Amino acid sequence: MLRGLKLRDARRTDKQAVLDFCKNTWRDYGDFIPHVWDEWIRQRRGRLIVAELKGRPIGIAKITDFGNGEIWLEGLRVDRRYRRKGVAGAINKEVLRTLRRIKPRRVRFCTGQTNRASRRIGRSYGFEAIARFRYYWQRTRKGKVKGEIATLTDLPAVYDFVTSSRFIKLASGLIAEGWVFREFSRRLLRNYIKAGKVLVMRGDAEIRGVAIYPLEKSENGITLGFVDGDERAIKILARNCMYLGFQCGKDYCSVVVPSRFFPKLIEEAGYKRKESAGQVVMEYRGKALV
Ligand SMILES: CC(C)(COP(=O)(O)OP(=O)(O)OC[C@H]1O[C@@H](n2cnc3c(N)ncnc32)[C@H](O)[C@@H]1OP(=O)(O)O)[C@@H](O)C(=O)NCCC(=O)NCCS
């Protein structure tokens with residue numbers, strides 16, 4: 001490990017130095033840290049950790065606490081000039097120390113299918129892949145949104161629909177908010193319904209399809225985080241995402257679906273394979289936290 005490396009809570013004054021080294025984390029994209037920094041620094045639950053060398057931040061990691069023992073890890077970054085020197089390793093040890101205090105029920109993170117470094121680090125700390133998804137991004141466009149906005153009266157039927165769906169089985173019980181994945185629960189569904197983010201398509205008697213369109217905080221845009229139903233309904237609900245994004249004045253929207261069965265339908269609905277990426281959700285299965 002680098003001599004003199006310190007690990008501490010992030011401060012507001014770290015912002016510029018952190019955003020500077022996050023500028024080109026990914027070629028052609030940059031990074032989402034600038035979109036979330038202010039919210040991350042405000043959050044009371046969880047922790048935003050900074051690795052500091054000679055008074056300058058050179059790495060970060062975020063522990064997000066969704067409540068009910070559900071922890072999400074995100075935003076592990078190390079300044080390019082200090083990589084392969086054990087900085088991420090030191091940050092992760094601090095993350096584990098913090099988690100031992102929180103005593104979570106579940107800890108997860110998501111990474112790109114092609115991000116070998118991230119998955120390797122995860123595995124070395126006791127994480128295993130539990131679900132794979134495909135993330136599509138697409139320009140929004142004008143169009144008619146089809147389906148009805150669900151109300152709290154629909155909650156029981158929509159809850160049953162989602163919990164018995166193919167999507168939720170393939171997704172190991174998770175639904176997506178872009179690159180963040182959360183356990184589907186009645187409480188989460190209630191929040192999405194109250195926020196007007198659930199659409200239902202009805203047949204004569206029963207539900208033909210359901211979709212949930214949460215906010216993708218890292219992009220400040222709309223994402224399709226759950227969709228299921230008959231094939232026609234899935235395509236219609238997927239296309240809705242472009243139209244909803246347009247209505248909200250966004251340039252881009254995203255769609256996240258399990259990597260099996262769904263991608264074919266999503267691509268038939270107009271999303272392009274070449275504008276997509278594989279995602280892997282890793283869950284902690286080690287013994288160091290119990
Ligand atoms: C991933 C990242 C945080 C690693 O930071 P780092 O400080 O260089 O990592 P460490 O030096 O602690 O390396 C720990 C181990 O990770 C693995 N690793 C790190 N970089 C790697 C790479 N480019 N390819 C393969 N394995 C890698 C190795 O097993 C390494 O151990 P070793 O150096 O003894 O072989 C850094 O490369 C980064 O900021 N990447 C961009 C953002 C990112 O991908 N974040 C991951 C969350 S999505």
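This report describes the overall build, the sheets, the domains and the ligand shell of one predicted protein model.

Residues are numbered from 1 along each chain as its sequence is written. Because the model is predicted, local features need pLDDT of at least 70 and side-chain atom pairs count only at pLDDT 80 or more, while totals for chains, interfaces and linings use all residues.

**Overall build**

The protein has nine helices and 16 strands. These elements are DSSP runs numbered from the N terminus, with helices being H or I of at least four residues and strands being E of at least two. The radius of gyration is 20 Å, close to the 19 Å that the globule rule gives for 290 residues, so the protein is as compact as a globular protein of that length. That radius is taken over C-alpha atoms, and the globule rule is 2.2 Å times the number of residues to the power 0.38. The C-alpha trace spans about 70 × 40 × 30 Å along its principal axes.

**The sheet of 10 strands**

An open sheet of 10 strands has the order 1-2-3-4-5-16-6-15-13-12, with mixed pairing. Two strands pair if DSSP finds at least two bridges between them. Strand 1 (6-9) and strand 12 (215-216) are the edge strands, each pairing on one side only. Helix 3 (87-102) packs on this sheet and touches strand 1, strand 2 (47-53), strand 3 (56-65), strand 4 and strand 5 (106-112). The direction of helix 3 makes about 35° with that of strand 3. Such angles run from 0 to 180 degrees between N-to-C directions, and the axes are lines fitted to C-alpha atoms, for helices over the stretch in contact. Two residues are in contact if their C-beta atoms, placed from the backbone, lie within 7 Å.

Strand 6 (residues 127-139) runs antiparallel to strand 16 (residues 276-284) and also antiparallel to strand 15. Strand 13 (residues 221-224) and strand 15 (residues 252-258), by contrast, pair in the parallel sense. Val-255 of strand 15 is the bridge partner of Leu-224 and also of Tyr-136.

**The other strands**

A second open sheet holds four strands in the order 7-10-11-14, and its pairing is antiparallel. Strand 7 (148-149) and strand 14 (226-229) stand at its edges with a single partner strand each, so one side of each is left without a neighbour in the sheet. Strand 11 (residues 207-212) pairs with strand 14 in the antiparallel sense, and Gly-209 has Gly-229 of strand 14 as its bridge partner.

Two helices lie across strand 10 (198-202), strand 11 and strand 14: helix 5 (residues 155-163) runs at about 85° to strand 11, and helix 8 (residues 231-247) runs at about 155° to strand 14.

Strand 8 (residues 174-177) and strand 9 (residues 180-183) also pair in the antiparallel sense. Their hairpin has two residues between the strands, and Gly-178 takes a positive phi near 80° there.

The table gives bridges for some of the strand pairs.

| Strand pair | Sense | Bridges | One bridge pair |
|---|---|---|---|
| Strand 6 and strand 16 | antiparallel | nine bridges | Ala-131 and Val-281 |
| Strand 6 and strand 15 | antiparallel | seven bridges | Tyr-136 and Val-255 |
| Strand 11 and strand 14 | antiparallel | four bridges | Gly-209 and Gly-229 |
| Strand 8 and strand 9 | antiparallel | four bridges | Ile-175 and Arg-182 |
| Strand 13 and strand 15 | parallel | two bridges | Leu-224 and Val-255 |

**Domains**

The protein is divided into domain 1 (6-104) and domain 2 (135-280); the bounds come from an automatic or database domain assignment. Their C-alpha centres lie 29 Å apart. The contact takes seven residues from domain 1 and seven residues from domain 2. On the side of domain 1 that touches domain 2, helix 2 (33-42) and strand 4 are the elements that give two or more residues. Strand 4 gives the most, with three residues. The residues of that side divide into four nonpolar, one polar and two charged. Here Ala, Val, Leu, Ile, Met, Phe, Trp, Tyr, Cys and Pro count as nonpolar, Asp, Glu, Lys and Arg as charged, and the others, Gly among them, as polar.

**The ligand shell**

The ligand is surrounded by 18 residues, and the closest are Arg-83, Val-87, Ala-88, Gly-89 and Ala-117. A residue is near a molecule if its C-beta atom, placed from the backbone, lies within 6 Å of it. Strand 4 (70-78), helix 3 and helix 4 (116-124) are the elements that give two or more residues to this shell. Helix 4 provides the largest share, five residues. The shell divides into six nonpolar, six polar and six charged residues.
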